[in-house]
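Okay, thanks everyone, I'll keep this short. Have a look at the picture while I talk, and stop me whenever you like.

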Amino acid sequence: MQETLATSTLLSVPSRSSISMQDKFSTAGQTSTAGPQPSRPSIIPPHSKSKGWNSGTKVHWMRRIIAEDPEWSLSTVPLLTELCIQHIVKNFHNNPILKQLLPEHQQKVLNHLSPDLPLAVTANLIDDENYWRRCCEQRWPVCHVARHGGSWKRLFFERHLENLIKQFIPNTTDPAVILDLLPLCGNYVRGLRVDQFLPPVRLPPQPRSGELSDSGSEVEMEEPATDHYQLCDLVAGLSHLEELDLVYGVKDCGMNFEWNLFLFTYRDCHSLAATIKACHTLKIFRLTRSKVDDDKARILIRSLLDHPALEELDLSHNLIGDRGARAAAKLLSHSHLRVLNLANNQVRAPGAQSLAHALAHNTSLISLNLRLNCIEDEGGQALAHALQTNRCLTTLHLGGNELSEPTATLLSQVLAVNTTLTSINLSCNHIGLDGGKQLLEGMLENKTLLEFDLRLSDVAQESEYLIGQALCANREAARQRTLNPGHFMSPVIAKGPENLAG
Amino acid sequence: MNPPGPLGVLEEKEEEHLSTPILGPSINSDNPQERIQARRLRIAARLEARRREALGEYLDGKKESEEDQSKSYKQKEESRLKLNKLLLCGTELVTNIQVATDIREIHRRVEEEEIKRQRLEKLENEVKTSQDKFDEITAKWEEGKQKRIPQDLWEMLNTQQVHCAGLIEDKNKLISELQQELKTKDDQYVKDLKKQSDDICLLLERMEEQVKHMMKTFRQELNYIEKAFEVERQEMLASNKKKWERALQAHNAKELEYLMNRIKKVEDYEKQLNKQRVWDWEEYNMIKIKLEQDVQVLEQQLQQMKATYQLNQEKLEYNFQVLKKRDEESTVIKSQQKRKINRLHDALNNLRAKYNKQIKHFQEENQSLTSDYKRFVTQFKELQRAMRHFALVDDKQFREIWLMNEEEAKDLISRAFAVDRIIHTHHLGLPWTAPDFWFLRNVGPISQQPRKSAAQILEEVLMQAEEEGTEESTSEAESYLDLPKQISPRTTRKILMLLCDDPRVPLPDPIPLLVFSCRSPFLPSCKCVPLHLFCNLLHPCEQTSLMSGPEPGEQIDLEEQKEESLVEGEPEEKEAPPSPRLIHPNDVLKILEAFVMGLKKPKDSQAPVKMKYVRDNSKDSEYWESLTTVIPDATQNLWDALYTALEKYHLVLTQRAKLLLENRSLEQQNTELQMLLQQYLDSKINSELQVPPTQVLRVPTK
């Protein structure tokens, strides 16, 4: 009751005036009639800033006060608003008052609020970035706001949720811990990066786990019991979820390594597939270092077919083979995928060929990463053929793929024709000297490529250097293009100063 | 954009800002029009500035920029390139680690694959050998079952045991080998972990180093750039300051000049002002005197005006009174007029009523008059009939009178002849021959020939027509009338009937005669005269009728009237034909024309015959005159002479009588005898005219 009274008075008066002070002593409803009351003149602060309907009387009062008490000073008495704000801050947990306050008062309250307040109170009430920043900085020493869209509140909730999921132990932790948070953070969480899923605690086998040879068979037998946290309920509650970055594994296991800590079971896979299928807002889906094999990849990719929003799919550091690659190729033609990352998998020539086939007629894929696979020349040639017709792909990573001269020959032809590719990585291959020369020839005709990585690929240093020169020229041209789109072919020096000066 | 342009614009703008509020309209003005004007001016100025900038200063600015900016720009470019290079090198250095790990991983994979393959081979070999051994052992078990001797069995069991132990040994060996390998792998794993942590450390180190390095170089470059800019700025400031000072000096000089000019001007103006003042003073005095005079004159005029004003006022008052009176009068007159108007209205109404009554009355009168008229018509017809009757009677009477007069004249003539004969024979003793004149033999009126009246002829024709039927009548009618086809015979007949019925028309007499003659050519001489007359008479009528137009019904009446007036010369009351509307007026004219044309044809052929009878009209008088001149003048003279002689003779005789009174008896006898003889002669003449009286007389004398 007292709180509401105070806020109402605060709202009714625009500035720190004597009325609020008086109201503190007078009863409710006396706000308008509280002007001239000579009984307690000493309390009324002679605030010269006061505006409004009773400023004349105020001046009158002030003079009288000064006449009676020349020693009186404002600094000795704290302002009522300050007191109120302190009170509000103190009792914020029980009675959160923020929206009804004036903006400057709101700011003050927010500055004094403790970051330890329960989320149930603050989550939906406080939007102030500074408060959340304090919360974040208090909890985590390193905060990368840019990764969370520059919003501290989002960062806080996302990391909070991630932490909860990371610490979640199936069958022992209460799922309500996470689900209770849903109504609070549902509107703010846009991305989830969970790099740890703890397996359920298995007390009986723990003592016997010393024998390494047994562990494999045991895992197979008890596989149903090793399911991780099911994300479906959580994801269904996050209406704005756009990014999902998952690693089914355990971090920092050190010498306690056990294979069954890193198990992505079929039930996990099915539930995850259903989850991402139901989440229509999802744009980025990453599932790395999770031992996803062909079958699981197919399950996941099948659920992603014709997904309305998906733009990026990252399945790097898994065990995907040719069948999984074929499924990914099918996904390419059945979605608007822009980024596909299959780095460090076991894709071989047939998988690369199917990917190339899909790539030839694709109009949305911008980036393709096949690092550390083994597509060899057959796959590389297929991809190069596809690139001759593709008009969309800008980034291609084929590092560590056992490629050699034939692929380089075809790629040099592609370089002469293609005008969309900006970055190619062919490091860690066996391109050879002749291949390097051919690539150099193709490169000399290309005007769009900005990056071309040929490290550790047996290319002659001279070719590499010349390619680097060509890349530099291309980079300069691209820079000019972005600076002034109107004048493409103008020389650098003539146009530079004006743009810089302007 | 390059700074000189905008600076120039700014300066211009400032100038404009300075100038516009003073000279032109202000944006802060109260007048909205002025504000609009000001805004327009401002926009125009901006456009002008932009244009100027685009045209001239663009080129200048470009040149200047190349010179001025080159320092800072070069510095910037350099730094940028350097930094780019540094960044590229740094990233390459950092990513080199990744690439190295990648290639190591690849190598490892290749080795692993190789080892795996070898291991698999080894395992397969081992499986094969152990399987062989196992088969051997199992085969021996079969053998052992057949062995009955315990020692053999024991031996065999021992060997089996040895074999199994060997097999297990082998397996264990393999397992230990594999475990060894696993251990080495574990070591490898640990090593790899260490290596990876080392790599990561190296990576971190390098990254940090690069970041530091980059920061340092960035800072350095930034310093360079800032220095370059500073230098440039200094230069620019110096040049601007120079410019500013120059401009200021120019400005001061100009200001001084202006001030001098102003002082000079002020002096000039002061002089002029003084002159002006003196001149003004004089003028002022002159004007003052003049004006005072004017004032006096005007005062006089004012007095006069006042007088006239009073006079006028009185006059006007008087006029006003008069007008008031007149107004009253006029109101009275007005009321009177109103009353009069009312009265006149009443009168008008009364007259209207009367007029209506009159109309009714006249209508009644008209009716009565028409009835009267009808009555008169009938009466007139009766009168006509009477007239016709009387005409006939007149004719008869005329003839009778003619005969009577003729008889009388002839009697007298005969007496005269007798006297003449006597005179000739007795008194003169001359032989007397009786004159033989044609008119003496004439009996009855000359023109009065036996003939039928027109009416009669027409009636006859009509009767015939009726008798013979309409067709024949028409054919007959056409025989003497070239009637136009379009006119029905019936109307023709009607017209003819009207003609013959109408007594006023004098023509009918000759016309039917003509008609008659045409049909039966008797009396060819007689027909032409009236025809000619008729034609002569008709011609003007026709002309008038043809000339005057649209109401031929009345025209006919007029025609008739004219005919009447021309022929008979007596004004007769015109009367409408009994049924004028039954015959179409056009038809009437046509029929008459055709009729007349038909009449003309025979006339033309007998033109010379006609001429003789024209004179015959005067034959009556001639006749009668000739009758009077039966005795020629010579004889009369003779008679006069004789008379005088006889007078003389009488005188002698009277004298002789006196003398012969005695022998009167004798003589009386003689005279008696003579008288007797005379009487005798007279009687004899009456009976026998052929016989000369002399003979008769001689006879008795002999």
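I'll go through the sheet, then the salt bridges, then the cysteines and a few odd spots.

One thing up front: this is a predicted model.

So, the sheet in chain A. What is the strand order? The sheet is open, has nine strands, and the order reads β1-β2-β3-β4-β5-β6-β7-β8-β9, with parallel pairing. At the edges you find β1, residues 191–194, and β9, residues 451–453. Each of those has a single partner strand, so one side of each is left without a neighbour in the sheet. From one strand to the next, the twist averages 5°.

Let's zoom in on β1 of chain A. Are the residues on its two faces buried or exposed? Both faces are covered: A:Gly191 and A:Arg193 are buried on one side, and A:Leu192 and A:Val194 are buried on the other. As for its partner, β1 runs parallel to β2, residues 243–246 of chain A, and four bridges join the two. If you want a spot to find by eye, look for A:Gly191, which stands opposite A:Glu243 in β2.

Now go further along the sheet, to β7 and β8 of chain A. Strand β7 covers residues 395–397 and β8 covers residues 423–425; they run parallel and are joined by three bridges. Here the pair to look for is A:His397, opposite A:Asn425 in β8.

Right, salt bridges. As a reminder, side chains of opposite charge can pair when their charged atoms come close. How many salt bridges are there over all chains? A search of the whole structure turns up 35.

Let me start with one inside that sheet. The side chains of A:Asp314 and A:Arg286 meet in a salt bridge, at 3.8 Å from N to O. This pair links distant parts of the chain: A:Asp314 is in β4, residues 312–314, while A:Arg286 is in β3, residues 284–287, and they are 28 residues apart. Both A:Asp314 and A:Arg286 are buried. They also belong to something wider, a network of salt bridges that links A:Arg193, A:Glu243, A:Asp245, A:Arg286, A:Glu312 and A:Asp314. You've met two of those names already: A:Arg193 is one of the buried residues of β1, and A:Glu243 is the one opposite A:Gly191.

Over in chain B, follow B:Arg117. Which side chains does B:Arg117 meet in salt bridges? One is B:Glu114, at 2.2 Å from N to O, and another is B:Glu121, at 3.2 Å. B:Glu114 and B:Arg117 both lie in helix α2 of chain B, residues 32–146, three residues apart, about one turn of the helix. B:Glu121 is in that helix too, four residues from B:Arg117, again about one turn. And how covered are they? With 42% relative accessibility, B:Arg117 counts as partly exposed. B:Glu114 is partly exposed as well, at 34%, and so is B:Glu121, at 43%.

On to the cysteines, since somebody always asks. How many disulfides does the structure hold? Zero, over all chains. A disulfide, remember, is a covalent bond between the sulfur atoms of two cysteines. Take A:Cys84, which is buried, with a relative accessible area of 14%. B:Cys201, on the other hand, is partly exposed at 47%.

A third cysteine is worth a look for its backbone. A:Cys428 has a phi near 60°, a positive value in a residue other than glycine. You'll find A:Cys428 in the loop between β8 and α20, residues 432–445, of chain A. With a relative accessible area of 3%, A:Cys428 is buried.

A:Glu402 also has a phi near 60°. Its place is the loop between β7 and α19, residues 405–417, of chain A. A:Glu402 is partly exposed, at 26% relative accessibility.

Last stop, the surface. Which residues make the nonpolar patch of about 360 Å²? They are A:Met255, B:Tyr189, B:Val190 and B:Leu193. Of these, B:Tyr189 lies in helix α3 of chain B, residues 150–427. It is partly exposed, with a relative accessible area of 35%.

That's my tour, so over to you for questions.

Methods. Residues are numbered from 1 along each chain as its sequence is written. Chains are lettered from A and ligands numbered from 1 in the order in which they are written. This is a predicted model: local features need pLDDT of at least 70, side-chain atom pairs count only at pLDDT 80 or more; totals for chains, interfaces and linings use all residues. Side-chain values use heavy atoms; hydrogens and water are left out. A disulfide is a pair of cysteine sulfur atoms within 2.5 Å. Buried means under 20% relative accessible area, exposed over 50%, partly exposed in between (1.4 Å probe, protein chains only). Two strands pair if DSSP finds at least two bridges between them. Axes are lines fitted to C-alpha atoms, for helices over the stretch in contact, and angles run from 0 to 180 degrees between N-to-C directions. Patches are made of residues with over 30% relative accessible area and no salt bridge: like charges are joined within 9 Å, nonpolar side chains (Val, Leu, Ile, Met, Phe, Trp, Tyr) within 5 Å. Accessible areas come from the Shrake-Rupley method with a 1.4 Å probe; for residues, only the protein chains shown count as cover. A salt bridge is a side-chain nitrogen of Lys or Arg within 4 Å of a carboxyl oxygen of Asp or Glu.
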